[in-house]
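Please look over the sequence and the 3D structure shown below, and keep both in view while reading. The paragraphs that follow begin with the surroundings of the ligand and then move outward to the chain.

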Amino acid sequence: MRVLLGISGSIAAYKAIILVRRLVEAGAEVRVVLTESAQAFVTPLSLQAVSGHPVRSALFDPEAEAGMDHIALARWADTILVAPASAGLIARLAAGMADDLLSTLILATTAPVILAPAMNQQMWLHQAVQANLGTLRARGVEIWAPAAGGQACGEVGPGRLLEPEELAARLLQRPHSAIDWRGQQIVVTAGGTREPIDPVRFIANRSSGKMGHALAEAAARTGATVTLISTAHALPTPAGVRRVPVDTALQMQAAVAAETSMDLFIGAAAVADYRVETPATHKLKKTPDTNTLTLTLVKNPDIIHEVATRPNRPFVVGFAAETDDLHAQAEAKRLAKNLDMICANWVGDGQGFEQDDNALWVRWAGGQQALPSAPKTTLARQLIERIAHCRQTN
Ligand code: PMT
């Protein structure tokens with residue numbers, strides 16, 4: 001595990017020394033970046049001694065730029081933890097500033113970013129701090145809320161940095177990607193398409209986009225360049241992922257076609273098989289003399305099949321949402337669509353669609369694997385590992 005530990009200015013910074021020790025003892029590689037104000041509380045020398053590596057704090061350090069510059073450091077990390085994260089640093093990150101090494105690294109990384117805040121309890125409760133944390137959460141940053149208790153300033157309340165042992169245990173239990181796909185192009189589709197009937201109505205399905213977004217996030221953790229073509233406008237964009245918003249199957253087809261170079265394609269979207277042939281240009285009105293309305297539907301292009309039959313096709317992973325005969329239906333789709341792998345899930349009865357959890361049956365030419373019910377984020381990581389293994393042996 002490669003942890004980049006950021007330390008910002010707070011009296012709790014002394015705990016970071018113990019945290020680094022615990023992580024190194026557990027076999028993690030740790031590099032430390034200090035903000036300028038952190039240096040008032042803890043010295044680079046102590047952190048260098050416990051981490052075994054030079055500690056960085058300057059954005060423009062000629063020696064580091066020749067070796068591990070700030071971009072290399074951002075790519076090196078598989079997780080960035082900022083502990084303690086001060087109110088000032090949180091505000092700068094929420095504003096997207098790149099005015100020192102730590103904030104620049106956080107903008108430049110595709111690794112997951114975790115903040116462990118520490119500050120006076122009134123500051124922690126202040127609307128501005130909570131709004132900044134909300135902004136960061138919406139961008140996919142994890143916040144490990146501080147503990148409550150006695151504070152260095154004499155007050156009692158929430159704002160104490162979590163103990164180093166707890167921070168280390170949480171970090172070490174977290175799955176991270178051991179896969180290095182830097183330089184690779186991955187395209188993921190997510191969400192259900194919306195096929196217009198008229199300017200205010202559409203045909204849709206229950207896909208929320210959660211599975212596809214989790215896959216894009218897990219794929220980005222490998223260092224790959226990830227494009228997420230998604231209809232799920234309400235979901236946040238995973239860190240480091242380029243997002244292309246679409247609504248209809250035809251828009252999704254055009255967005256996929258524009259991705260001319262890809263090493264891996266994952267079709268997690270629930271694409272409507274049919275669309276209304278000629279959507280009305282004005283809102284359809286109820287007619288008093290008839291009880292029925294007939295819509296003519298035409299077949300949508302099969303997006304994944306188009307990718308799987310390209311001359312220089314990528315590794316292609318499809319999904320199958322089924323209400324019966326899961327294994328046989330999914331395998332038939334894998335063969336008919338020329339896919340390298342299919343991930344089948346039961347849908348209906350509150351399963352698969354919209355939920356945070358899912359279960360998958362994964363089938364490829366050389367084998368199969370059942371992934372039992374788990375959060376979609378966990379399944380996404382397991383699936384990326386399975387795909388990496390299959391691509392190696394393909
Ligand atoms: O989005 P969530 O709420 O998290 O739910 C996740 C999910 C259930 C939507 C997801 O896990 C899933 O199963 N996605 C595929 C659903 C689906 O449409 O399956 P399908 O059997 O209709 O399609 C098979 C494959 O062909 C899919 O990879 C699909 O993206 C692709 N396809 C289908 C039709 C079409 N015209 N073009 C396509 O590319």
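Sorted by class, the shell around the ligand consists of 13 nonpolar, eight polar and seven charged residues. The model in which this shell is seen is a predicted one, a point to keep in mind throughout. Of the 28 residues that surround the ligand, those that come nearest are Ser207, Ser208, Ala269, Lys333 and Asn345. If we ask which elements of secondary structure each supply at least two residues of this shell, we find the helices α10 (210-220) and α12 (303-308) together with the strand β16 (315-322). It is β16 that gives the most to the shell, with four residues.

Several polar contacts can be followed atom by atom. An N or O atom in the side chain of Lys333 is 2.4 Å from an oxygen atom of the ligand, and for the side chain of Lys376 the corresponding distance between an N or O atom and a ligand oxygen atom is 2.7 Å. At Gly209 it is the backbone that takes part, since one of its N or O atoms lies 2.8 Å from an oxygen atom of the ligand. How much of the ligand does the protein bury? Taken alone, the ligand exposes 780 Å², and the protein buries 95% of that area. The place where the ligand sits is the largest pocket.

From here we can turn to the chain as a whole, which has 14 helices and 19 strands. Its C-alpha trace spans about 75 × 55 × 40 Å along the principal axes, and of the 394 residues in the chain, 48% are buried.

One helix deserves a second look, namely α10, which was already met as a supplier of residues to the shell around the ligand. Nine of the 11 residues of α10 are buried, and therefore this helix is largely enclosed by the rest of the structure. The buried residues of α10 include Met211, Gly212, His213 and Leu215, as well as several alanines, among them Ala214, Ala216 and Ala218.

A last example comes from a loop. Ile179 is found between α9 (164-173) and β8 (185-190), in the loop that lies between these two elements. Is Ile179 buried or exposed? Because buried means a relative accessible area under 20%, and Ile179 has a value of 17%, this residue counts as buried. Although Ile179 and Thr222 are 43 residues apart along the chain, their C-alpha atoms are separated by 5.3 Å in the model.

Terms used
Residues are numbered from 1 along each chain as its sequence is written. This is a predicted model: local features need pLDDT of at least 70, side-chain atom pairs count only at pLDDT 80 or more; totals for chains, interfaces and linings use all residues. Side-chain values use heavy atoms; hydrogens and water are left out. A residue is near a molecule or strand if one of its heavy atoms lies within 4 Å of it. A polar contact is a pair of N or O atoms within 3.5 Å; within protein, one must be able to donate a hydrogen and the other to accept it, and residues adjacent in sequence count only if both atoms are side-chain atoms. Accessible areas come from the Shrake-Rupley method with a 1.4 Å probe; for residues, only the protein chains shown count as cover. On a 1 Å grid over the protein atoms alone, a cavity is a set of points where a 1.4 Å probe fits but cannot get out, and a pocket is an open set with protein on both sides within 12 Å along at least five of seven lines; lining residues have an atom within 4 Å of a point. A molecule sits in a cavity or pocket if more than half of its atoms lie within 2 Å of its grid points. Ala, Val, Leu, Ile, Met, Phe, Trp, Tyr, Cys and Pro count as nonpolar, Asp, Glu, Lys and Arg as charged, and the others, Gly among them, as polar. Buried means under 20% relative accessible area, exposed over 50%, partly exposed in between (1.4 Å probe, protein chains only).
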